[in-house]
Amino acid sequence: MKEESLFKDWGTFRKGMDPKSIQLSFANHLEYSLSKDQYTATMRDLFHSLALTARDRLIERWIRTQQMYYVRDVKRVYYLSAEYLMGRMLINNLINLGMYHETQKAIQAVNIDLEELAEMEPDMGLGNGGLGRLAACFLDSMATLEIPAHGYGIRYEFGIFDQVIRNLSQVELPEIWLKHGNPWEIARPEYSFAVHFYGKVKQINLPGGKLKTEWIDTNDVIGIAYDVPIIGYRNNTVNTLRLWSARASKEFDLNYFQGGDYLKAVEEKNISENISKVLYPNDQFSEGRELRLKQEYFFVSCSIQDIIRRYFVKHDSFEEFPEKVAIQMNDTHPSLAVAELMRILLDDYGLTWEEAWDITTRTCAYTNHTLLSEALEKWPVAMFETLLPRHLQIIYEINRRFLRDVSLHSLGEVGRLRRMSIIEEEPEKKVRMAHLAIVGSHSVNGVSEIHSKLLRERELNDFYTMYPDRFNNKTNGITPRRWLLAANPALATLITSRIGDGWVPDLEQLVKLEPLTKDARFRKEWRSVKQSNKERFAKAARELTGVAIDPNSIFDMQVKRIHEYKRQLLNILHVVSCWLQIKNDADFDMFPRTFIFGGKAAPGYFIAKMIIRFICHVAEMINRDASTNHKLMVLFIPNYRVSLAEKIFPAADVSEQISTAGYEASGTSNMKFGLNGALTIGTLDGANIEIMEAVGQENIFIFGQSAEEVSARRASYNPREFYLKDPLLGNAIDLVREGFFNPEDPGLFHPLVDRLLNDDQYQVLADFEAYHSCQRKIDALYHDQETWTKKAIINVARMGKFSSDSTIRAYNRDVWHAKPLSISKEDEIA
């Protein structure tokens with residue numbers, strides 16, 4: 001009885017949600033997990049102890065969830081993504097576990113500030129931008145909706161680079177997020193798989209005329225699994241994000257070592273482990289391109305092998321595979337899943353081609369995330385032939401059979417055969433990965449209504465004509481747990497005080513806020529929350545940049561990856577124009593405004609890095625002008641990331657979503673800003689259109705050309721015409737060309753001027769006048785704070801459609817068909 005009592009007490013101690021149990025668990029981890037006390041513990045040690053305390057309270061749910069998936073033999077969704085921008089996990093996990101407030105009480109009692117402690121956690125930045133953050137939101141929603149699901153990706157040792165601004169330019173530094181370990185992950189070396197590269201293909205004639213194919217003489221890399229728990233909101237579901245780390249199949253060559261060649265002794269280990277070393281190696285060089293292809297195949301192969309291993313725990317044939325497995329490929333990076341699944345079914349299990357192809361196409365689904373041709377991956381056939389010879393054979397055979405189907409469907413249309421082929425013949429023979437994903441999937445979706453429309457009508461029209469039933473739309477979404485409840489607790493508390501907390505798992509309930517637009521007291525409280533968030537951000541911005549900004553000014557924000565189509569250049573040109581008007585036109589007035597930029601440029605993208613440099617030079621010059629800086633300030637926030645975004649979105653008044661119409665697939669920062677009460681200025685692009693339809697045209701600022709108008713203008717577009725006819729625009733460009741913003745090197749920004757005047761691919765100048773006029777409307781409205789507040793409340797109230805929960809429900813309804821499974825506390829762990 002005594003032993004039973006001790007065991008029960010220990011279980012309560014590890015699982016208790018009251019402040020006392022949390023304190024005891026926290027102290028226990030500090031002493032016994034980290035071997036620290038009050039004299040030696042750092043703030044990082046305290047963070048790790050608290051993270052382990054939270055992890056204790058999800059472990060039993062995690063085990064129970066995975067066990068019940070086996071017991072009920074459920075269909076599972078496998079989400080394959082090369083990127084996951086998870087950010088920090090502590091606060092989000094505490095909220096989803098339902099222990100945030102109790103934890104806050106527990107550590108406040110020992111004089112520790114929870115927010116300060118959370119700052120110790122590095123961002124889990126395993127992604128480049130919206131693609132990775134979307135994947136993280138989807139994982140949260142799948143767990144919250146109790147959908148049996150697993151995420152798969154790469155455990156990059158170095159995630160997205162840290163950005164610092166030196167000499168007013170972007171400098172990239174390695175982001176060492178694993179330097180102090182990751183308290184959330186659990187290594188699973190028992191789940192390791194060999195991944196083959198290089199070698200040659202051997203075919204053997206078996207008795208009965210059957211042909212057996214073997215891939216031999218390969219160089220092998222071992223994939224080791226690391227699991228991260230994904231907790232549903234206020235339920236007992238804990239799904240898994242499994243990340244793969246590369247290890248050498250041969251750790252150490254003793255012969256080389258004993259011969260004194262110490263570098264050669266570990267050469268194979270270093271080469272192998274480079275695969276999971278860094279997110280997106282520089283693919284301007286052949287070595288970088290080969291490493292990137294290795295990365296994509298490495299994580300796909302590990303994942304497919306693991307999926308099959310898990311399936312065979314309960315099954316002894318592939319007969320039910322498509323009924324138990326749904327594989328979703330997040331963009332083209334995982335599209336080798338089609339060829340790898342075929343290879344394993346054909347070579348390892350001896351299925352016929354027809355059987356293997358039927359299983360593959362019924363299992364795989366593909367999400368397209370881009371309309372940019374450079375982002376639709378193509379790999380040289382020569383590289384494939386060297387690195388993945390067996391897969392190239394399979395892809396050739398897929399293509400051979402597919403082109404016969406195309407010929408039958410479109411008799412005599414040779415051009416269509418060339419356009420649709422998985423193999424691009426000219427100028428260099430390449431494998432079109434998007435085509436492979438489309439041909440090998442039963443579902444192909446875009447990520448906003450306009451994006452999906454453009455895919456059907458323009459980019460992928462040939463495929464849509466042949467496979468109309470495969471194409472569908474799934475507009476992206478964001479998780480309200482991260483982007484409102486955790487990021488903006490003051491606004492979340494205000495909303496909950498009036499309509500209850502049902503909006504957290506059901507964002508459509510925010511519509512209950514609409515009647516409160518007539519409540520003067522509520523509007524005043526709303527403005528008070530926004531002002532507090534602005535003051536909080538202003539403090540953080542000063543710590544980051546040394547620049548003091550006025551929280552009483554309009555905070556006008558554009559934070560996203562730096563790319564020409566996203567048109568940060570349009571924004572900063574407008575800033576220069578406004579500054580000139582303040583200086584030169586006594587009748588021009590504007591409400592004080594702070595223009596805030598943030599985002600990273602790809603290291604090899606010259607123009608994008610030049611745009612950052614230009615913004616920083618403009619900021620340095622304009623901010624020092626004492627005659628105008630009470631009216632206009634410019635700030636570039638370095639190292640934009642998830643944890644910084646959580647401070648930015650709640651503080652924004654204006655959300656800049658100004659990409660060239662027809663280029664942004666969806667965007668999700670527009671949703672995050674809107675959910676936090678910012679008003680949008682944007683083009684008819686991506687999800688902006690659906691946001692306009694949801695909030696009403698009177699509650700959003702839309703300007704510029706439509707996608708159709710952009711396309712129609714392209715052939716005859718002469719940007720100099722707009723430069724010559726618009727003095728506001730012309731004066732701004734002239735100032736840049738004269739070298740005003742960099743007098744030490746007047747020609748520094750001539751490449752940007754040349755781009756605008758001679759090669760304005762994204763029609764910045766064509767939309768400038770409409771953009772400037774729209775900005776004047778914003779200025780006028782902001783003077784009327786009561787009306788502005790009403791519109792901000794309506795924007796939040798009508799954001800329900802853009803929850804990632806809604807998106808995941810649609811995927812599951814139309815594509816995956818996985819039955820949600822509620823995990824009960826009473827479900828026994830065997």
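This section describes the central sheet, the nonpolar cores, the cysteines and two local sites of a predicted model.

The sheet comprises 9 strands and is open. Its strand order is E7-E10-E11-E4-E1-E12-E13-E17-E18, with mixed pairing. Strand E7 (186-197) and strand E18 (471-473) form the edges, and each pairs on one side only. Direction ignored, neighbouring strands are turned by 25° against each other on average. Within the sheet, strand E1 (residues 76-80) and strand E12 (residues 325-330) run parallel and are joined by 5 bridges. One residue pair illustrates the register: Val77 has Ala326 of E12 as its bridge partner.

Helices pack on this sheet. H11 touches E1, strand E4 (149-154), E7, strand E10 (219-231), strand E11 (238-248) and E12. The direction of H11 makes about 115° with that of E7. Helix H35 (residues 804-816) lies across E1, E12, strand E13 (364-367), strand E17 (444-446) and E18. H35 runs at about 120° to E12.

The largest nonpolar core holds 144 residues. Met142, Phe298 and Phe384 touch the most other members. Helix H11 (residues 286-311) gives the most to this core, contributing 11 residues. Leaving aside residues up to four places away in sequence, Phe384 touches Leu293, Leu336, Trp379, Pro389, His391, Leu392, Ile395, Val431 and Met433. A second core is separate and contains 119 residues, among them Leu85, Ala492, Leu675 and Met692.

The whole structure contains 0 disulfides. Cys302 is in none, and the nearest cysteine sulfur, that of Cys364, is 17 Å away. Cys302 is buried, with a relative accessible area of 0%. Cys616 is likewise in no disulfide; the nearest cysteine sulfur belongs to Cys578, 19 Å away. Cys616 counts as buried because its relative accessibility is 7%, under the 20% limit.

Helix H26 (residues 642-651) is mostly covered, with 10 of its 10 residues buried. The buried residues of H26 include the charged-name positions Glu646 and Lys647 alongside Leu644, Ile648 and Phe649.

Leu206 lies in a loop, between strand E8 (200-205) and strand E9 (211-216). Its relative accessibility is 33%, so Leu206 counts as partly exposed. Leu206 and Thr386 are 180 residues apart along the chain, and their C-alpha atoms are separated by 27 Å.

Key:
Residues numbered from 1 in each chain as written. Predicted model: local features only at pLDDT ≥ 70, side-chain atom pairs only at ≥ 80, totals over all residues. Heavy atoms only, no water. Helix = DSSP H or I, 4+ residues; strand = E, 2+ residues; numbered from the N terminus. Buried < 20%, exposed > 50% of the residue type's maximum accessible area, 1.4 Å probe, protein only. Disulfide = S-S within 2.5 Å. Core = buried A, V, L, I, M, F, W, Y, C linked by side-chain atoms within 4.5 Å. Contact = heavy atoms within 4.5 Å. Pairing = 2+ DSSP bridges. Axes fitted to C-alpha atoms, helices over the stretch in contact; angles between N-to-C directions.
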